[in-house]
Amino acid sequence: MRETGTPTASPTRAPAPAAASRARAQDTAPEAAARQLPDAAGLVALQRSAGNAAVTRWVQRQEKPGAREAAQRNAADPTGHGEWGTFCQMMAEAGFPNSVTDAAWQLILGGIAEQGPLNDEAMAKFSERQEQRDHRASNSWYQELVQFIGDYLEIDRPTMALWSGGIDTSVYARSKGHTPLESTPFGGVVDKLSLTEEWKFKTPMWNVLSKAFVNRARGPVHIFLRAYNPDSVLIAQEVPQLRVVMALNPDVKLVWHPVYTAADGKLMEVTKGLDLTTDAPYASRDECVQVLYDYLRLKHDPANTKSERAHAEMSARLKANGNPQ
């Protein structure tokens, strides 16, 4: 752990830290499974019956005891966080200057401390899932973080990768020669840290980072689907943002890959003939999802526990839509 240049701040957000982080960015430029929340309908019903204050109390009860207090302590004393030394070491190994490391760490911990109240507001004020997600992602510390380290989200391989269906899918995309967010210089560091036991405090940070990441697409983007969820960050946020980028840059194209995990744990891709192979790209999302669903519906082995979750999610979605399983 370094003894000099360590970050300090108060536990509450004020204009000064934002200005300070911008100044630091200018100075260093030359160096350059918790319990589930109810669905939106359930929260609307709760709001109608008990009011917004009750919703806020319900959300707070889902957090691990003392999560907010711990977040405030860490924001007030960043170097007291148990992962500070590990963060410093990994950032140094990734080539980050000390000043970037110090500022980024403060912004991460400040964001975690601010996230609890933002989550309360999101659930109390909005019933639509995307509106809730957008409000949670308005965290000013995380927004400052993206502005500060944005250049460190550039990919180190020719093509960008996005994924859905578990972290194994990200590892698979990397093995195919593509770069997911977790393999960028900064994303690779943060991905290896716990930061907080309360996942709801750090998930919005990843959503903010992912939006900044897809804005840096300059060529084909390979999308790997082991599970399809229209409400996922991939489908609801990343792909729509990519289409904005595509309108400005014709070199950006989407290449879809339906991925299935075999019984031995190996990830394979699904062909139009419903066979498994090492590479099966598709030009459209709908064709990719159709092939994936057909394979899960018709050829999935119930004894294959490696794909049990993907099959269950697919079955539940088809049933909810009134389609055959």
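## A salt bridge between two loops

Which residue's side chain meets that of Lys299 in a salt bridge? The partner is Asp275, at 4.0 Å from N to O. Lys299 sits in the loop between helix H13 (285–298) and helix H14 (308–320). Asp275 sits in the loop between strand S5 (267–270) and S6. The pair therefore ties together parts that are 24 residues apart in sequence. Lys299 is partly exposed, with a relative accessible area of 41%. Asp275 is partly exposed too, at 43%.

This is a predicted model, and every value here is computed from it.

## Other salt bridges

How many salt bridges does a search of the whole structure find? The count is 10. One of them joins Lys200 and Glu198, with 2.9 Å from N to O. Both ends are placed alike: Lys200 is buried, and Glu198 is buried.

Another joins Asp286 and Arg285, whose closest N and O atoms are 3.1 Å apart. Arg285 is partly exposed, with a relative accessible area of 31%. There is also a network of salt bridges, and it links Glu63, Arg68 and Asp120.

## The sheet

In what order do the six strands of the open sheet run? The order is S2-S1-S3-S4-S5-S6, and the pairing is mixed. Strand S2 (178–179) and strand S6 (276–277) form the edges. Each of these two pairs on one side only.

Further in, S3 pairs with strand S4 (residues 254–261). The sense is parallel, and the pairing runs over five bridges. Phe224 has His257 in S4 as its bridge partner. As a general point, strands of a sheet pair through backbone hydrogen bonds, either parallel or antiparallel.

## The nonpolar cores

In soluble globular proteins, nonpolar side chains tend to be buried together. Here the largest nonpolar core has 71 residues. Ile149 and Phe186 have the most contacts inside this core. Helix H6 (residues 98–125) gives the largest share, nine residues.

Ile149 touches Val100, Ala104, Phe186 and Leu209, leaving aside residues up to four places away in sequence. Another core lies apart from the largest one. It has six residues, including Ala161, Phe224, Val259 and Leu267. Phe224 thus appears in this core as well as in the bridge to His257.

## A buried arginine without a salt bridge

Where does Arg226 lie? Its place is the loop between strand S3 (221–225) and helix H12 (233–248). Arg226 is buried, yet it has no salt bridge. The nearest side chain of opposite charge is that of Asp168, 4.1 Å away. A salt bridge needs the two atoms within 4 Å, so a pair at a greater distance does not count.

What backbone oxygen does the side chain of Arg226 reach? That of Gly165, at 2.6 Å. Arg226 also has contacts with residues more than four places away in sequence. Among them are Ser164, Gly165, Gly166, Asp168 and Thr169. Val259 and Leu267 are also touched by Arg226, and these two belong to the core of six residues.

## Gln237 in helix H12

Helix H12 holds Gln237. Is this residue buried or exposed? Gln237 is buried, with a relative accessible area of 11%. A polar atom of its side chain lies 2.8 Å from the backbone oxygen of Asn207.

Gln237 touches Arg133, Asn207, Ser210, Lys211 and Ser232, not counting residues up to four places away in sequence. Gln237 and Val214 are 23 residues apart along the chain. Their C-alpha atoms are separated by 9.9 Å.

## Two leucines with positive phi

Most residues other than glycine have a negative phi, and most peptide bonds are trans. Leu195 has a positive phi, near 70°. Its place is the loop between helix H10 (185–190) and helix H11 (199–214). Leu195 is buried, with a relative accessible area of 6%.

Leu274 has a positive phi as well, near 60°. This leucine is found in the loop between S5 and S6. The loop between S5 and S6 also holds Asp275, which meets Lys299 in the salt bridge at 4.0 Å. Leu274 counts as buried, at 15% relative accessibility, whereas Asp275 is partly exposed.

How values were computed
Residues numbered from 1 in each chain as written. Predicted model: local features only at pLDDT ≥ 70, side-chain atom pairs only at ≥ 80, totals over all residues. Heavy atoms only, no water. Helix = DSSP H or I, 4+ residues; strand = E, 2+ residues; numbered from the N terminus. Buried < 20%, exposed > 50% of the residue type's maximum accessible area, 1.4 Å probe, protein only. Lys, Arg positive; Asp, Glu negative; His and termini not counted. Polar contact = N/O pair within 3.5 Å; in protein donor to acceptor, adjacent residues only side chain to side chain. Contact = heavy atoms within 4.5 Å. Core = buried A, V, L, I, M, F, W, Y, C linked by side-chain atoms within 4.5 Å. Pairing = 2+ DSSP bridges.
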